[in-house]
Amino acid sequence: MITRRERTRVRRVCVAAWGGAAVSWELATPGLLVPSLATCAAFLMLATGCALHIRRGLLAELRRSQEIAGAAQRALLRPLPGRLDGVTLAAAQLSASRGAAVGGDLYEAVPTAHGIRVVIGDVRGHGLPALGAAAAVLGAFREAAYDEPSLGGVLLRMERALGRHVRDRARTEHPAVCAGEPESPAAEEFVTVLLLQLARDDTLTALNCGDPWPYVIRPAPEARAARSRGSAPDLGPRTPAGLACLDGETLPPLGVVPLPPDPRPQACGGLRPGETLFLHTDGAEDARDAAGRFFPLRNVLAEAPPTPARLVAGVHAALLRHTGGRLADDVALLVLRNDRH
């Protein structure tokens, strides 16, 4: 996709080329000064007109590219419903590729007979090259989430879909050496994913393949009551009250090593009414400012608004302020708040 800086560079090169040609011609041709200057001015006006024509063409191409990228994003990351089975949702994705509206991060939430099933993940790399792997993994999740009775079955089908995508891509890029199993850079592609299930009784189970564990944000009065009863986890002196991070065993990312034949989901407690679950990819906590300081996600979450949509918007804005609008990696954010009574 052509950026604004590239368009400006093209215009400057065109004008400089025409101007240089005009001046060189007139200096090499003997004659009076006034006619020579008039000829130079005519050359420069012609160069400016050509540059403006090129600019209009580039702007039209940019608009078409943006429309295509927007359609691809809407097809891949479909807008989540505002509410699923008594749970309020909000999500956002930020691409690290300048001028791109899509990237390699993914998320989805679907209501099933087993509860609300959620996936969030990150494809190795970012921008448009990672789009194919993200589409393969998301497509497998959207089918398997309804059919598979366990999260382990969903994860295995996502792994098989990624394997097919990687093999097909490697054969396409290296047809001469890929008659059998391909060996190419495409075969090194992997995806980190976190699978979550929120059952009807508000219990949480998860399978984590290399993605950051999510945060649970509790209402302040409830957090203080839990701490006074001694049931709240020890979050440390710098962790805000009411904010906890889920934790557990982490499997390797999809595509690195084969999964166990029967992955067992982990019990992660529950998400009680009024509590909020904040999921994110590693691009959020790994984002740095100009001085190399990491993004203070915990502090931002402690001060963020309570509603999921405002929480996502607040973290999004804080990330852009912290990095000066220059993200080094794609970022996906997904928030669920249990509004069941």
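Helices (H or I, at least four residues) and strands (E, at least two) are DSSP runs, numbered from the N terminus. The model is a predicted one, in which local features need pLDDT of at least 70 and side-chain atom pairs count only at pLDDT 80 or more, while totals for chains, interfaces and linings use all residues. Residues are numbered from 1 along each chain as its sequence is written, and side-chain values use heavy atoms, with hydrogens and water left out.

**Exercise 1. Place threonine 88 in its strand and describe its surroundings.**

Step 1: threonine 88 belongs to strand β2, which covers residues 87-94.

Step 2: with a relative accessible area of 15%, threonine 88 is buried, a term that means under 20% relative accessible area, as against exposed at over 50% and partly exposed in between (1.4 Å probe, protein chains only).

Step 3: the side chain of threonine 88 makes polar contacts with the side chain of arginine 83 at 3.3 Å and with the side chain of aspartate 339 at 2.4 Å. A polar contact is a pair of N or O atoms within 3.5 Å, where within protein one must be able to donate a hydrogen and the other to accept it, and residues adjacent in sequence count only if both atoms are side-chain atoms.

Step 4: contact means heavy atoms within 4.5 Å, and once neighbours within four places in sequence are left aside, the residues in contact with threonine 88 include Pro308, Val335, Leu336 and Arg337.

**Exercise 2. Determine how strand β5 is enclosed, and which way its residues point.**

Step 1: strand β5 spans residues 191-198, and eight of its eight residues are buried, so the strand is largely enclosed by the rest of the structure.

Step 2: Val191, Val193, Leu195 and Gln197 point one way from β5, whereas Thr192, Leu194, Leu196 and Leu198 point the other way, and all are buried.

**Exercise 3. Trace the pairing from β4 through β5 and β6 to β9.**

Step 1: two strands pair if DSSP finds at least two bridges between them; β4 (residues 115-123) and β5 are antiparallel and share eight bridges, with glycine 121 opposite valine 193.

Step 2: β5 is joined to β6 (residues 203-209) by five bridges, again in the antiparallel sense, and here leucine 195 has leucine 207 as its bridge partner, while leucine 194 stands opposite asparagine 208.

Step 3: four residues lie between the strands in the hairpin of β5 and β6, where aspartate 202 takes a positive phi near 70 degrees.

Step 4: β6 is joined to β9 (residues 266-270) by three bridges in an antiparallel arrangement, in which threonine 203 is partnered by glycine 270.
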